[in-house]
Amino acid sequence: MEDGSKKRWGFQGNQELKTAGAITIRGVLSTLLSNLSEEDQRPVIPLGHGDPSAFPSFRTTPVAEDAIVDAVRSSNFNSYAPTVGLLPARRAVAEYLSGDLPYQLSPDDIYLTIGCTQAIEIMIQVLARPGANILLPRPGFPFYEAQTAAKNLEARHFDLLPDQDWEVDLEAVKALADENTVAMVIINPGNPSGSVFTYEHLKKVAETARELGIMVISDEVYGQLAFGSKPFVPMGVFGSIVPIVTVGSISKRWVVPGWRLGWLVTNDLNGILHKTGAVESIISCLNISTDPVTFIQGAVPEILEKTKEDFFSNTISILRECADIIYDRIKDIPCIICPLKPEGSMFVMVKLNLSLLKDINDDVEFCMKLSKEESVIVLPGVAVGMKDWLRVTFAIDPPSLEDGLGRIKAFYHRHAKEE
């Protein structure tokens, strides 16, 4: 057979996708996991990602499991679903989300997606056009950066202010925006900050976006997972001020990220998203995308309507306990500073004081050596836009969390500068 190695072929890999794919939490975590020592027989403590489903204390409700089984056995959900999702599922999501809004959502405001990440991907694709830019939070969720890089949409970053409860720097937002800015993104409750925005702050965000003539994409995948002094307020409350697109899913509140059922919601009382063609573009994008699994869509009404409050209360109670543990134990690790006790989501951002360490130069080196020496996985802050910080997940069984923080403390003492 002729050797084709010297022949000129008309195709090659897409380098932009290679660049975009490098901007992922999964990629960083894979590197850390590959660095584990085979000689360490202790269990790995995963403090790097927001998926506590493997731990018994975070098992989902039997209501959700039974709903899936019922949907499969009914044989009613073996076919393709409509592009926007099954009507009963969309109606159930509308009812579920309307409970926290001053108005009623319609099923026509709901578009079902393969998890929250597909909802993000769709909105980036809808907004991407030559010369356009989008405003993203720093620290944030790097999937947004990956998608903007892949879709040729310029990303500009505004800071969240750690000394002000990680609130949005609204003056920075105004300074960054120009005539080509299409949207700003907020994540509430905060990933990676663990913050929960107040009603007053969210209203200022809405008013700022209206002043700039841009939409707000509100990432509420951790919606309702608030366990501090501030209640969760959905951004959709301000849908009369500015057009809002809310993205969310059942992944976190029901602890089933592998089920991949999310939604994209238009909170737009003035119909601006229709007038500008954004809704039409969302539907067009869905027409060329894959759909959530039909039997999971079929289970959604039962999951949303029949899950009992005690399941949610138990999850919140465990998260609150874990937040207390991590905030208290970090005080005993001098090289780590926590500016804000987490009040929501499953994460906390902490700052490294590298001046106290004798042989560690940055957050990546800290995390690489920690994984090798202690079998503890923590995400370096550079992955979420904050060099020399760490994003730590506390949503694991409390005894495992205590173990992991104890290992980090031992790691500090091993690498601390001698006084």
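Trainee: How do the residues of the lining of the second largest pocket divide into nonpolar, polar and charged?

Mentor: This is a predicted model, and in it that lining holds twelve nonpolar, five polar and three charged residues.

Trainee: Which residues lie nearest the centre of the second largest pocket?

Mentor: They are Leu127, Val182, Gly213, Met215 and Thr276, out of 20 lining residues. Two or more lining residues come from each of α5, β6 (181–187), α8 (199–212), α9 (272–275) and α10 (278–287).

Trainee: And how much space lies in it?

Mentor: The second largest pocket has about 310 Å³ of space. For the largest pocket, the volume is about 780 Å³.

Trainee: Let us turn to the largest pocket, then. How many residues line it?

Mentor: Its lining has 31 residues, and Ile25, Arg26, Thr117, Phe141 and Lys252 are the ones nearest the centre. By type, 16 of the lining residues are nonpolar, nine are polar and six are charged.

Trainee: Which element gives the most to that lining?

Mentor: Helix α2 does, with four residues. Both α2 (25–34) and α5 (115–127) supply at least two residues each.

Trainee: A change of topic: strand β13. Is it enclosed or open?

Mentor: Strand β13, residues 389–393, is largely enclosed by the rest of the structure, because five of its five residues are buried. On one side these are Trp389, Arg391 and Thr393, and on the other Leu390 and Val392, so to speak of β13 is to speak of a strand with both faces covered.

Trainee: Which strands does it pair with, and in what sense?

Mentor: Strand β11 (residues 347–352) runs antiparallel to β13 and is joined to it by five bridges. Strand β12 (residues 376–380) is also antiparallel to β13, with two bridges between them.

Trainee: What stands opposite Leu390 in those two strands?

Mentor: In the pairing with β11, Val350 stands opposite Leu390. In the pairing with β12, Leu390 is the bridge partner of Pro380.

Trainee: What about strand β2: are its faces covered or open?

Mentor: Both faces of β2 (residues 110–113) are covered. Ile110 and Leu112 are buried on one side, and Tyr111 and Thr113 are buried on the other.

Trainee: Which strand pairs with β2?

Mentor: Strand β9 (residues 262–267) pairs with β2 in the antiparallel sense, over four bridges. Within that pairing, Ile110 has Val265 of β9 opposite.

Trainee: Now the interior. Which members of the largest nonpolar core touch the most other members?

Mentor: That core has 140 residues, and those with the most contacts to other members are Ile134, Val168, Met184, Ile336, Phe366 and Ile408. Helix α12 (residues 309–330) gives the most to this core, with ten residues.

Trainee: Take Ile134. What is it in contact with, leaving aside its neighbours within four places in sequence?

Mentor: The contacts of Ile134 include Ile124, Leu127, Thr148, Leu153, Val182, Val185 and Ile217. Charged side chains appear there too, among them Glu154 and Arg156. Leu127 and Val182 were also among the residues nearest the centre of the second largest pocket.

Trainee: One last residue: where is Glu207 placed?

Mentor: Glu207 is in helix α8.

Trainee: Why does Glu207 count as partly exposed?

Mentor: Its relative accessibility is 40%, and partly exposed covers values between the buried limit of under 20% and the exposed limit of over 50%.

Trainee: How far is Glu207 from Asp310?

Mentor: Their C-alpha atoms are separated by 37 Å, and the two residues are 103 residues apart along the chain.

Methods. Residues are numbered from 1 along each chain as its sequence is written. This is a predicted model: local features need pLDDT of at least 70, side-chain atom pairs count only at pLDDT 80 or more; totals for chains, interfaces and linings use all residues. Side-chain values use heavy atoms; hydrogens and water are left out. Buried means under 20% relative accessible area, exposed over 50%, partly exposed in between (1.4 Å probe, protein chains only). Two strands pair if DSSP finds at least two bridges between them. On a 1 Å grid over the protein atoms alone, a cavity is a set of points where a 1.4 Å probe fits but cannot get out, and a pocket is an open set with protein on both sides within 12 Å along at least five of seven lines; lining residues have an atom within 4 Å of a point. Grid points are joined across faces, edges and corners, and a volume is the space filled by probe spheres set on the points. A nonpolar core is a set of buried Ala, Val, Leu, Ile, Met, Phe, Trp, Tyr and Cys residues joined through side-chain atoms within 4.5 Å. Contact means heavy atoms within 4.5 Å.
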